[in-house]
Amino acid sequence: MPSAFVKPLILWYNSECRLLPWRETKDPYRIWVSEIMLQQTRIEAVCGYYERFLAALPDIESLAACPEDQLLKLWEGLGYYSRARNLQKAARLIMEKYGGKLPEDAGELRKLPGIGEYTAGAIASIAFGKAEPAVDGNVIRVTSRLRACTGDVRTSGFKKELVTWLRQAHDGADGTWGILNQAFMDLGSMVCTANKSPLCMECPVSSFCEAKKAGIQDSIPARAEKKGRRIEERTVVLYTDGERFAIRRRPDKGLLSGLYEFPNYEGKLAREEILLAAREDGMYAVRIRELPEAKHIFTHVEWHMTGYEIMISRNDSKEGSFIFAEKDIINEQYPIPSAFAAYADAAGIKVGKK
Ligand code: SF4
């Protein structure tokens, strides 16, 4: 028998759920793409990209065959580009090993690049109606409040025990795991929220909530101390000959690998220093203009950027160091990560256009 909170939670979901494009389909490919996009990006941001991506790559076959630059261009602005690359690796594997069809079983799904335990559970339950929990931060927060768990929720032991508890709480016989998983997600985003006090007065399961009964809902789950990010100073340069701008491809490994960037240098360089660096790179400056400072936050590092636009009269750079291209060509062909959005803006180049 399901626990008593399941029915009111599902009823609440049926009337209050968020209307999202990937909830209007049963196509496993579309659901998979949405889950990958949502891994590190907010729902509001994903919506525009989702439609654009699927219009260009409507099925697994087209994703598997897509040239990398085009794929990264479609992902431009979403960040965490390894997600796009893994999506494509998985699509190729699906074409080779699974006859072009996404496997239904969560264990098989987990063998594909970019699909971890949560994503496998979400796809298997939502797209295929399998009895699989999908434990993300929302589920952890809501269930640890429901059960008044005061311990550390980040341990693998806690997660394992939670999965067992969820399976007992909902036997899944009626094939509603997909709905239950999404109901937890929506409750966690809309009512039992993370960054402010939960809205217990609006909660459909408040009468079953042990944390609320004890008045400790605000302190659950226990907050972990955050590690500080490393700060990196960089100086970004828009080299231009008046019509074209210089970009270059980042290395194949590491942060923002394989994407394109405006040339940039370590440290916060003054005018004289950047002019020297420009000359060392074979660029003959005729005019320099300071650009506003900008900041970009990655998971473990923050870039604090200083910028210049340098008009050049001659380019003696080593062959292959830079690509000079017009704005429209950069817009169409070269994926520039949003870390450079402020400088792309200054050049009139759109990053992450939807
Ligand atoms: Fe969360 Fe409050 Fe609902 Fe408990 S009653 S699950 S704390 S919103």
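In this predicted model, helix 2 and helix 3 meet through Y29, R30, V33, S34, M37 and L38 on the helix 2 side and I43, V46, Y49, Y50, F53 and L54 on the helix 3 side. Sorted by class, the residues of this contact comprise 10 nonpolar, one polar and one charged. Helix 2 covers residues 28–38 and helix 3 covers residues 43–56, and the two pack at an angle of about 140 degrees with their axes 10 Å apart. Because an angle counts as roughly antiparallel only when it is over 145 degrees, helix 2 and helix 3 are described as oblique to each other. The crossing in which helix 2 passes helix 3 is right-handed.

A second helix pair brings together helix 1, residues 6–16, and helix 11, residues 177–190, whose axes cross at roughly 75 degrees and come within 9 Å. Helix 1 is therefore roughly perpendicular to helix 11. On helix 1 the contact is made by V6, L9, I10, W12, Y13, N14 and E16, while helix 11 contributes I179, L180, Q182, A183, F184, D186, L187 and M190. By class, this contact holds 11 nonpolar, two polar and two charged residues.

The two helix pairs can be set side by side as follows.

| Helix pair | Angle between axes | Axis separation |
|---|---|---|
| Helix 2 and helix 3 | about 140 degrees | 10 Å apart |
| Helix 1 and helix 11 | roughly 75 degrees | within 9 Å |

Two individual residues add further detail, beginning with N138. This residue lies in helix 9, and N138 counts as buried because its relative accessible area is 16%, which is under the 20% cut-off. Leaving aside residues up to four places away in sequence, N138 touches F184, M185, G188 and S189. N138 and A183 are 45 residues apart in sequence, and their C-alpha atoms are 10.0 Å apart in space. A183 and F184 are also among the helix 11 residues that make the contact with helix 1.

The other residue, R147, is found in the loop between helix 9, residues 137–146, and helix 10, residues 156–169. With a relative accessible area of 19%, R147 is likewise buried. Not counting residues up to four places away in sequence, R147 touches F158, E161, L162, W165 and E210. With E161, the side chain of R147 also forms a polar contact of 3.1 Å, made to the side chain of that residue.

Methods. Residues numbered from 1 in each chain as written. Predicted model: local features only at pLDDT ≥ 70, side-chain atom pairs only at ≥ 80, totals over all residues. Heavy atoms only, no water. Axes fitted to C-alpha atoms, helices over the stretch in contact; angles between N-to-C directions. Helix = DSSP H or I, 4+ residues; strand = E, 2+ residues; numbered from the N terminus. Parallel < 35°, antiparallel > 145°, perpendicular 65-115°, else oblique. Left-handed = near helix turned anticlockwise from the far one by under 90°. Contact = heavy atoms within 4.5 Å. Nonpolar A, V, L, I, M, F, W, Y, C, P; charged D, E, K, R; others polar. Buried < 20%, exposed > 50% of the residue type's maximum accessible area, 1.4 Å probe, protein only. Polar contact = N/O pair within 3.5 Å; in protein donor to acceptor, adjacent residues only side chain to side chain.
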